[in-house]
Amino acid sequence: MRLTLDAPLDMHLHLREQEMLDLVAPFSAAQFAGGVVMPNLIQPVDTLARLRDYRAAILRACGGASFHPYMTLFFREYSREELIEARGEIIGLKLYPAGITTQSEAGVSDFDRIGPTVALLEELGIPLLVHGETNGFVMDREREFLRVYQWLAETFPRLRIVMEHITTAEAVTLLDRYDNLAATVTLHHLMITLDDVAGGLLQPDLFCKPIAKTPRDRDALRQAVFGGHPRLIFGSDSAPHPRHKKECCGCAAGVFSAPVTLPMLAQLFEEAERLERLADFVSTNGARFYQITPPQKSVELLRTPWRVPELCGAVRPFLAGQTLRWSLDEGSRGRE
Ligand code: NCD
Ligand code: ZN
Ligand code: ZN
């Protein structure tokens, strides 16, 4: 059995830099027509010059494979002129609360000051992408941040706002209240709960921000995704860290899911008897909300078992060593 996906997109992706970029970009380029590239490099991508250099490095790292990097700028106070100049080269601005996740120290520490820049985004039609967590108790951070989303959605009704990597039932409920909200959902948050991370021996490879939540939250995400919610968009949040930064005291947050994304998603949708809805989740919903026309590219999956490698270079992938029911058709890799 074969499954063909037209222009699948990964709408939340960390590609890193230098050797790590060279290692991980081909996994995304083999499976996706494009992806939204996050700007949280050690030196954040917050100027157009840096963004152009980063985009060129990504294209080099993809080799010959066709992959459209939809670039984001790290949120700071930008002038109208800066945003007008950047508009044609970015898919949005990515807002991180300061210090809330990997390499977000330069993020927003005072939300009372973001209004003018956000108003410019609304006026110029530039989406705002948000890592939505407070610095409260770790299991409550996303729920506590929902009032910020609500404020944004009401104050800026024409602004397109993406709630990144949602993990709670309440986030799904909020989505239904405002048409200008969409949300990305990761593969791992459709699969794991806090129990998988810390219920037995601690699993550093499953530690990420936002932390995986309760079975009730996971079920709400699954129900909404498999039910075909039109504003739920696939974003892997694939976030590679070398093993020595995971298996140590002070484990870095991030799940490296890029090598397994489409095969595992196919398996999940098949198990839910919703395989026909996979294309909406990975292609249609993201392109519609962002108003983009992705490059032509069809990606084929085969219903042939495939064993996930234990290591990809220095990084251990999500589901390492497990056998998945679907695999990428190597023959069709990157066919345009
Ligand atoms: C991401 C990373 O490592 O860059 N980590 C994570 O746990 N998700 C950052 C992020 O998306 O918050
Ligand atoms: Zn994040
Ligand atoms: Zn992320």
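Ala, Val, Leu, Ile, Met, Phe, Trp, Tyr, Cys and Pro count as nonpolar, Asp, Glu, Lys and Arg as charged, and the others, Gly among them, as polar. These classes are applied below to the cavities of a predicted model.

Four cavities of 30 Å³ or more were counted. The largest has a volume of about 140 Å³. Its lining is made up of 18 residues, and those closest to its centre are His14, Thr101, Lys209, Asp237 and Ala239. By class, five residues of this lining are nonpolar, nine are polar and four are charged. The second largest cavity holds about 70 Å³ of space. It is lined by 13 residues, with Asp205, Lys246, Phe256, Val315 and Arg316 closest to the centre. Here the lining has seven nonpolar, two polar and four charged residues.

Lys209, one of the residues closest to the centre of the largest cavity, also takes part in a cis peptide bond. This bond runs from Lys209 to Pro210, and its omega is near -15 degrees. Pro210 sits in the loop between α7 (194–198) and α8 (215–226). Most peptide bonds are trans, and most residues other than glycine have a negative phi.

Two residues that are not glycine have a positive phi: Gln103, at about 50 degrees, and His165, at about 35 degrees. Both are found in loops. Gln103 belongs to the loop between β5 (92–95) and α4 (115–124). His165 belongs to the loop between β7 (161–163) and α6 (169–175). Are these residues buried or exposed? Gln103 has a relative accessibility of 28%, so it counts as partly exposed. His165 has a relative accessibility of 3%, so it counts as buried. The cut-off for buried is under 20%.

An open sheet is formed by three strands. Their order is β1-β10-β13, and the pairing is antiparallel. β1 (2–6) and β13 (327–328) stand at the edges. Each has a single partner strand, so one side of each is left without a neighbour in the sheet. Strands of a sheet pair through backbone hydrogen bonds. Between β10 (residues 298–302) and β13, the antiparallel pairing extends over two bridges. Leu302 stands opposite Ser327 in β13. A helix also meets this sheet. Helix α10 (residues 261–271) lies across β1, β10 and β13. The helix runs at about 60 degrees to β10.

Key
Residues numbered from 1 in each chain as written. Chains lettered and ligands numbered in written order. Predicted model: local features only at pLDDT ≥ 70, side-chain atom pairs only at ≥ 80, totals over all residues. Heavy atoms only, no water. Pairing = 2+ DSSP bridges. Helix = DSSP H or I, 4+ residues; strand = E, 2+ residues; numbered from the N terminus. Contact = heavy atoms within 4.5 Å. Axes fitted to C-alpha atoms, helices over the stretch in contact; angles between N-to-C directions. 1 Å grid on protein atoms, 1.4 Å probe; cavity = no way out; pocket = protein on both sides within 12 Å on 5 of 7 lines; lining within 4 Å. Points joined across faces, edges and corners; volume = space filled by probe spheres on them. Buried < 20%, exposed > 50% of the residue type's maximum accessible area, 1.4 Å probe, protein only.
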